[in-house]
Amino acid sequence: MRDVEISDDMIRLGQLLKLSGLVEHGAEAKDVLEEGLVMVNGAVETRRGRQLVDGDEIVLDDEIVRVICT
């Protein structure tokens with residue numbers, strides 16, 4: 001697991017996928033979400049606009065990232 005630091009108190013899932021390097025661009029984020037490949041806190045998530053907060057864990061393939069608010 002690796003931490004991804006954000007400066008605000010929340011970030012949208014599509015933005016986090018790009019910021020963390022799990023996807024390269026927004027279209028790829030949309031595709032992996034529509035296919036049900038992304039999990040947030042252990043549940044499949046399909047909404048790009050899902051708001052993530054400090055401590056949320058995101059899984060895509062073998063990668064796990066955790067949101068850390070700074």
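This short presentation describes the fold, the nonpolar core and two buried polar residues of one protein chain.

Good morning, colleagues. Please keep in mind throughout that we are looking at a predicted model.

I shall begin with the overall architecture. The chain contains two helices and seven strands. Following the sequence from its start, one meets these elements in the pattern β-β-α-α-β-β-β-β-β. The radius of gyration is 11 Å, close to the 11 Å that the globule rule gives for 70 residues, so the chain is as compact as a globular protein of that length. Along the principal axes, the C-alpha atoms fill a box of roughly 30 × 20 × 20 Å. As for the surface, the accessible area comes to about 4,200 Å², and carbon and sulfur atoms contribute 42% of that area. Of the 70 residues, 31% count as buried. Considering contacts with a separation of 6 or more, 48% are made by residues 24 or more positions apart.

I turn now to the interior. The largest nonpolar core has 18 residues, and those touching the most other members are Leu 13, Leu 16, Leu 17, Val 38, Leu 52 and Ile 58. Two or more residues of this core come from each of the following elements: strand 1 (2-6), helix 1 (13-19), helix 2 (26-34), strand 3 (38-40), strand 6 (57-60) and strand 7 (63-69). Leu 52 deserves a separate word. Beyond four places in sequence, Leu 52 touches Asp 9, Met 10, Ile 11, Leu 13, Leu 16, Val 40, Ile 58 and Val 67.

Let us next consider a charged residue. Is Glu 45 buried or exposed? Its relative accessibility is 6%, under the 20% cut-off, and therefore Glu 45 counts as buried. Glu 45 sits in the loop between strand 4 (43-44) and strand 5 (51-52). Its side chain makes a polar contact of 2.8 Å with the side chain of Arg 50. With neighbours within four places set aside, the residues in contact with Glu 45 are Leu 13, Leu 33, Val 38, Met 39, Val 40 and Arg 50. Among these, Leu 13 and Val 38 have already been named in the core.

My last example is Ser 20, in the loop that lies between helix 1 and helix 2. Ser 20 has a relative accessibility of 8% and so counts as buried as well. Which residues does Ser 20 contact, leaving aside its neighbours within four places in sequence? They are Arg 2, Val 4 and Val 65.

Thank you for your attention.

Methods
Residues numbered from 1 in each chain as written. Predicted model: local features only at pLDDT ≥ 70, side-chain atom pairs only at ≥ 80, totals over all residues. Heavy atoms only, no water. Core = buried A, V, L, I, M, F, W, Y, C linked by side-chain atoms within 4.5 Å. Buried < 20%, exposed > 50% of the residue type's maximum accessible area, 1.4 Å probe, protein only. Helix = DSSP H or I, 4+ residues; strand = E, 2+ residues; numbered from the N terminus. Contact = heavy atoms within 4.5 Å. Polar contact = N/O pair within 3.5 Å; in protein donor to acceptor, adjacent residues only side chain to side chain. Rg over C-alpha atoms; globule rule 2.2 N^0.38 Å. Areas by Shrake-Rupley, 256 points an atom, 1.4 Å probe, with all protein chains shown as cover.
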